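Let's take a walk through this one together. Have the fold open in your viewer and follow along.

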Amino acid sequence: MFRGVFGIGRNSGFVHGYGYRQGYIYQQKFSLVNIKLKWVKDRTLDAVVAGQRDVKATGILVSIIHSSSQCCLPIYHLSPYRGQLGLPSDLKLSTFIRRYPNIFVESCFLDSGGSPVPWFSLSPEALELHHREVSILQQSQLELRDRLCKLLMLTAHRILPLQTIDQLKWDLGLPYDYQRSFIPNHPERFAYVRLPDDRVGLKLLFWDDKLSISELQKNSSLQQKGEDIKNGSLAFPVSFTRGFGLKRKCMEWLKEWQKLPYTSPYADASHLDPRTDVSEKRIVGVFHELLHLTLHKQTERKNVSNLRRPLSLPQKFTKAFERHPGIFYISKKSDTQTVVLREAYYGQEPVQNHPLLQIREGFASLMKKGLLDRSRGVYRRNRDTNSVDGLRNEVCISDKTNQISSKDKSDSMFYDYDSDSPLQSPCRYM
């Protein structure tokens, strides 16, 4: 029913010529309508979000451990990265790691005071998945470059603080150490700059017009008539949770809202009055495009909040998520709010399945199996101080040596990352 009412995928257009003038007229006529739509739980999309936090934490830890010189790190060298993992504050890092003994292999070593210190390396299964991930990252360099370019093109000054990009790098599919292993490979596109607040930012050096076509425009231009493009109107795909009751007043408002001019998220929107529905439609378009740039077509709401100034958005701009539950779904799983693009999923399955998602699904399967086997007592911790599983470490060290030979060092995504300081490691195979 809603597909017919809201004209899903019906129109497309760029903000040029007639479409631009029409947009100006509309933005003078349509003020921001005070409509509030209720939040309704969507169990299907909640299931999509559930577990993503732990998979992300596992993926980051795997990258950090594998990046160390000996493919093995003590817990006190992993603890400083805890803030990047998004784990609950009351969950000890060592407790989380020990949940998955088929990914993180533990051994012990006595410190100078005679106390045992847990060290963690990677299992052969985890190493195999990680090597596949590195291979995909190397093959996807140009695609990832374009994703990052489009993110910077959404901003007013083509610059973002590295801190903001760091919060989105997992969502975008960038390598963990992208600042050293990825950015230097594209000096014609990116440059590091010092920001007024003394932070370091990443600046886009080259504007590519071919990348300035939004996902909504790209898909619609293949389906629509020239007259629709000329009108400059574009409707967003809309669907609702089963059982969502939409009042007649809200239906009429949304139908009219869909007919408003569409402003490309890559176009200058300074002429739009922020107090109008046309401006809100532009905000929805920006986040529709942003979520399309992510692998999972979702991101935590707090990641978006940090983009207000770079994207030149008004105060309380994230209210657009709540006003348009047919376009976005806000999941409240894992003690946070995650914004999901509804059109990107068919049930629990993503419409577009990126190769990196398959790697992450592989880690999710390993984690599920590790939890189950651990509960059955399949794994038993080796509590012998200074004891090391020689076979396990031989696999870890020799495998890393084979992967990063002198011939391949310059090509490795993770080669130049080292541990914080030289370590006396129990993981060195003798």
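Start at phenylalanine 190, whose bridge partner in β6 is leucine 204. Keep in mind that this is a predicted model. That pair belongs to a wider match: strand β5, residues 190-194, and β6 run antiparallel and share five bridges. The two strands make a hairpin with five residues between them. Look in that turn for aspartate 198, which has a positive phi of about 75°.

Now turn to the other partner of β6 (residues 200-204): strand β4, residues 159-161, which also pairs with β6 in the antiparallel sense, over three bridges. Here leucine 160 sits opposite leucine 202 of β6. As a reminder while you rotate the view, side chains in a regular strand alternate between the two faces of the sheet.

Next, the open space. The largest pocket holds about 790 Å³, and 39 residues line it. Nearest its centre you'll find Lys56, Gln84, Gln167, Trp170 and Glu300. Several elements give at least two residues each to the lining, among them α4 (52-67), α6 (82-85), α10 (162-172) and β7 (298-300). Also on that list are α8 (124-139), α16 (301-305) and α18 (355-375). By type, the lining splits into 12 nonpolar, 16 polar and 11 charged residues.

Finally, the cysteines. How many disulfides turn up in a search of the whole structure? Zero. As for where two of the cysteines sit, cysteine 71 has 0% relative accessibility, so it counts as buried. Cysteine 250 counts as buried too, because its relative accessibility is 9% and the cut-off is under 20%.

Technical notes: Residues numbered from 1 in each chain as written. Predicted model: local features only at pLDDT ≥ 70, side-chain atom pairs only at ≥ 80, totals over all residues. Heavy atoms only, no water. 1 Å grid on protein atoms, 1.4 Å probe; cavity = no way out; pocket = protein on both sides within 12 Å on 5 of 7 lines; lining within 4 Å. Points joined across faces, edges and corners; volume = space filled by probe spheres on them. Helix = DSSP H or I, 4+ residues; strand = E, 2+ residues; numbered from the N terminus. Nonpolar A, V, L, I, M, F, W, Y, C, P; charged D, E, K, R; others polar. Pairing = 2+ DSSP bridges. Disulfide = S-S within 2.5 Å. Buried < 20%, exposed > 50% of the residue type's maximum accessible area, 1.4 Å probe, protein only.
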